[in-house]
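Trainee: Could you take me through the ligand site in close detail? I'd like to know what surrounds the ligand and how the protein holds contacts to it.

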Amino acid sequence: MINIAILGYGTVGSGVVEVIKTNKNSIEKKAGESINIKYVLDIRKFPGDPIEEILTDNIEDILNDDEVKIIVEVMGGVEPAYTFVKRALLSGKSVVTSNKELVAKHGAELLEIAKSKDINFLFEASVGGGIPIIRPLNQSLTADEIYEITGILNGTTNYILSKMADEGKSFEEVLKVAQEKGYAERDPKADVEGHDACRKIAILSSLAFGMHADYEDIYTEGITKITKRDMDYAKKLGYTIKLLATSKKIDHRIFARVCPVMISKEHPLANVNGVFNAIFIKGNVIGDVMFYGKGAGKLPTASAVVADIVDAIKHLNRNILSFWSKEKLELMDLKDVNTRYFVTIKYDNFKTAVEEVRSIFGEVEVIQLDDVEGEFAFITLEETEGIINEKINVLKDKEEIKEISSTIRVER
Ligand code: HSE
């Protein structure tokens, strides 16, 4: 019998208890051991809940108990999770976590401690909720040199953008409904500003490229500036807009970014809608692989946590290697990365405005919406972001151009 302790009895923690209870027989068969939840740590009380008897608010009860072999950290946030997890690993207990903030910030260090102790630090649920993605990167795709990861890694923003596209509503309108339905947090900043997706792509990049990608180095732009009108233009062009988290190897350098991108309807990620997540990986021998599923929610996330618990039990005194060193991954400056931009401008005189745009950007096609006066859009040719931004600045200063109202990256 293996004793485990769960730190945090919130949505994911209670989901873990439920999954272990619901699928007890099959899980224990796969683990080759019975699983006993010896403690649940939480400062809150849960009167009447079956876990009441094993509830503690004192981490020392757990850390000082030699019978506890695996700790499941599902509290979220960096502290006190980091202190608890580090102490657990140093005392020889394997740790399973769903905490992306913790993994993105301290993953390299915690993996190193686990390796030195011949135990494990596992975090499948930290990216993509129930979608298996960490394990494939660590195990199934190890024959490959991965050169691109692009994902829809945040369910809240994908839900908002999908609704904006389908129902012609504004960002603010959809966010309000999403909050009322409980899909979006009351403080949605981490999601809508792209910070959540940024931490997740930092974790995936670190695993794929074997070095520490610091999330603070990753260019991050959220979806708050995407308008109904942008969606109308996208539709007219046969495109849609998605918040994409990307890291990509170009020659021997890597760039990473999180931002809204206009993608054509043929793009593999274009039909990933609602709260679903998907991760698209390109490897030099396997080619293209895509992972799709529920990126959040109590049971999908708990499913990934429990799968890690089973793995930790199967490898109790043997470290399953992760290729994520402490060495910092130097990321390319985005200004050196090629892209195309969708740009909308407001003008007084159509003919001269088109001439101004074409004198700077070349023979770009002018796109207009039937019901919109005094505005047109165009898509730049492919150039480095640095050059495109210089050109946008030159355009801004032209007398004919009243305003540049949108700039969104475009990928085929
Ligand atoms: N807030 C996250 C999302 C939850 O919307 O995807 C999962 O990390």
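Mentor: Here is a walk around the ligand site, with a short look at the chain beyond it. Keep in mind that this is a predicted model, where local features need pLDDT of at least 70, side-chain atom pairs count only at pLDDT 80 or more, and totals for chains, interfaces and linings use all residues. Residues are numbered from 1 along each chain as its sequence is written, and side-chain values use heavy atoms, with hydrogens and water left out.

Start with the shell: Lys100, Asn154, Gly155, Thr156, Asp191, Asp196, Lys200, Gly295 and Ala296 surround the ligand, each having a heavy atom within 4 Å of it. By class that makes four charged, four polar and one nonpolar residue; Ala, Val, Leu, Ile, Met, Phe, Trp, Tyr, Cys and Pro count as nonpolar, Asp, Glu, Lys and Arg as charged, and the others, Gly among them, as polar. Helix 7 (155-167) and helix 10 (195-209) each bring at least two shell residues, helices being DSSP runs of H or I with at least four residues, numbered from the N terminus.

Now the polar contacts, meaning pairs of N or O atoms within 3.5 Å. Thr156 puts a polar side-chain atom 2.5 Å from a ligand oxygen, Gly155 places a backbone N or O atom 2.7 Å from a ligand oxygen, and Asn154 has a polar side-chain atom 3.4 Å from one. Alone, the ligand exposes 260 Å², and the protein buries 80% of that (Shrake-Rupley areas, 1.4 Å probe).

Stepping back, an automatic or database assignment sets the domain bounds: domain 1 (2-129 + 298-314), domain 2 (137-294) and domain 3 (335-411). The C-alpha centres of domain 1 and domain 3 are 51 Å apart.

One backbone detail to check: the Glu79 to Pro80 peptide bond is cis, with omega near 5 degrees. Most peptide bonds are trans.

Conventions
A polar contact is a pair of N or O atoms within 3.5 Å; within protein, one must be able to donate a hydrogen and the other to accept it, and residues adjacent in sequence count only if both atoms are side-chain atoms.
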